[in-house]
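User: I would like a close look at one part of this model, the metal site, followed by its setting in the rest of the chain. Please give cut-offs for the terms as they come up.

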Amino acid sequence: MLGELTYSTYIAVLLLASLSVLTTLLGVTLAIYVGKNERAIAIGIGFSAGIMLLISFFELIPEAIDKTNIAITITACLLGMLIVAFLHWLIPHTHLIEEKGAFNRTALKSAYLVAFGLILHDVPEGFAMANSYVASPSLGILVALAIAIHNIPEEFAMAVPIVTVKKKRFLYMAAFLSGLAEPLGAIIGLVAVHFNPIFNPLFMAFAAGAMIFVSVHELLPMARRYRKIHLFILGMIVSVFVYALLNAVIPT
Ligand SMILES: [Zn+2]
């Protein structure tokens, strides 16, 4: 049963979402100090994609099916995929790796485009987190922690290619702004569920669709470009263990 959306719900969700801002900054710090370690990047991308897929398929979608049915859940999920696909097409952004080697020419342009790319990526995660918390606080905590952890390698992988051409201050500013996309997504999620509490399970399926799209569309090609698919898979396997551990610590 859905709880009332009280102030404490808002505060808890925003606190959980701000964890992601911290881990985003941590990822950039890693990018600056670890630098271009292609093996680490490939593992990190696999880990990030793995966590997003695990949350979608094992938490958000089953929760939505439980509260509605398979047909409704799949429809909402597809809608999430389509809307994010449409936004990806509408808003020019970059998948960093495509510009590998051409940074000096397009550095400034790409930096702005990267920000859009990350926002498209982080908003659905915040949205998912908020709706999970509304469905059940322990589910919300699990989703929030998993997303916060996955942001570290993800931001690391995204930031490494621009580390060489950008000043540290710029990198931290960009990371902070893109990290804010997570609480922004959470606020959008809270407002949406506040006005349409009955849609809570659909919003979860919708966010799952968006996250599945992002994992497949953004992260998989990134791993392929580094030509280290086996390390990408290793990262995914690690994500399963971390996810299992989180599940053991936070019973939902
Ligand atoms: Zn992500």
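What spacing do the donors of the zinc ion follow along the chain?

Analyst: The model is a predicted one, so local features need pLDDT of at least 70 and side-chain atom pairs count only at pLDDT 80 or more, while totals for chains, interfaces and linings use all residues. Residues are numbered from 1 along each chain as its sequence is written, and side-chain values use heavy atoms, with hydrogens and water left out.

Along the chain, the donors of the zinc ion are spaced as M-x68-H-x3-E-x24-H-x3-E. E125 belongs to helix α4 (residues 103-135) and H150 to helix α5 (residues 137-163), so this pair ties together parts that are 25 residues apart in sequence. Helices here are DSSP runs of H or I with at least four residues, strands are runs of E with at least two, and both are numbered from the N terminus.

The protein donors are M52 through SD, H121 and H150 through NE2, E125 through OE, and E154 through OE twice, at 2.0 to 2.8 Å from the zinc ion. A donor is an N, O or S atom within 2.8 Å of the metal (3.2 Å for Na, K and Ca); water is not among the atoms, so a site may look incomplete.

The angles subtended by the six donor atoms run from 50 to 175 degrees, which makes the arrangement irregular. The rule behind that label is as follows: four donors are tetrahedral if all angles lie between 85 and 135 degrees; four are square planar and six octahedral if opposite donors are over 155 degrees apart and all others between 65 and 115; anything else is irregular. For reference, ideal angles at a metal are 109.5 degrees for four tetrahedral donors, and 90 or 180 degrees for six octahedral ones.

E125 is buried, with a relative accessible area of 0%, and H150 is likewise buried at 0%. Buried means under 20% relative accessible area, exposed over 50%, and partly exposed in between, with a 1.4 Å probe and protein chains only. E154, in helix α5, counts as buried at 3% relative accessibility. The C-alpha atoms of E154 and F47 are separated by 8.2 Å, although these residues are 107 apart along the chain.

As for the setting, the protein chain has eight helices and zero strands, and 53% of its 252 residues count as buried. A175, in helix α6 (residues 168-195), is buried at 1% relative accessibility. From A175 to G27 the C-alpha distance is 8.6 Å, with their positions 148 residues apart in sequence. I65 lies in helix α2 and is partly exposed at 31% relative accessibility; the C-alpha atoms of I65 and P201 are 7.8 Å apart.

Helix α4 also contributes to the largest pocket, giving five residues, the largest share of the lining. This pocket has a volume of about 200 Å³. Its lining includes I119, L120, V123, P124 and F127, and the elements that give two or more residues are α3 (70-90), α4 and α7 (200-225). The lining divides into 12 nonpolar residues, no polar and no charged. Here Ala, Val, Leu, Ile, Met, Phe, Trp, Tyr, Cys and Pro count as nonpolar, Asp, Glu, Lys and Arg as charged, and the others, Gly among them, as polar. A pocket is an open set of points on a 1 Å grid over the protein atoms alone, where a 1.4 Å probe fits, with protein on both sides within 12 Å along at least five of seven lines; lining residues have an atom within 4 Å of a point. Points are joined across faces, edges and corners, and the volume is the space filled by probe spheres set on them.
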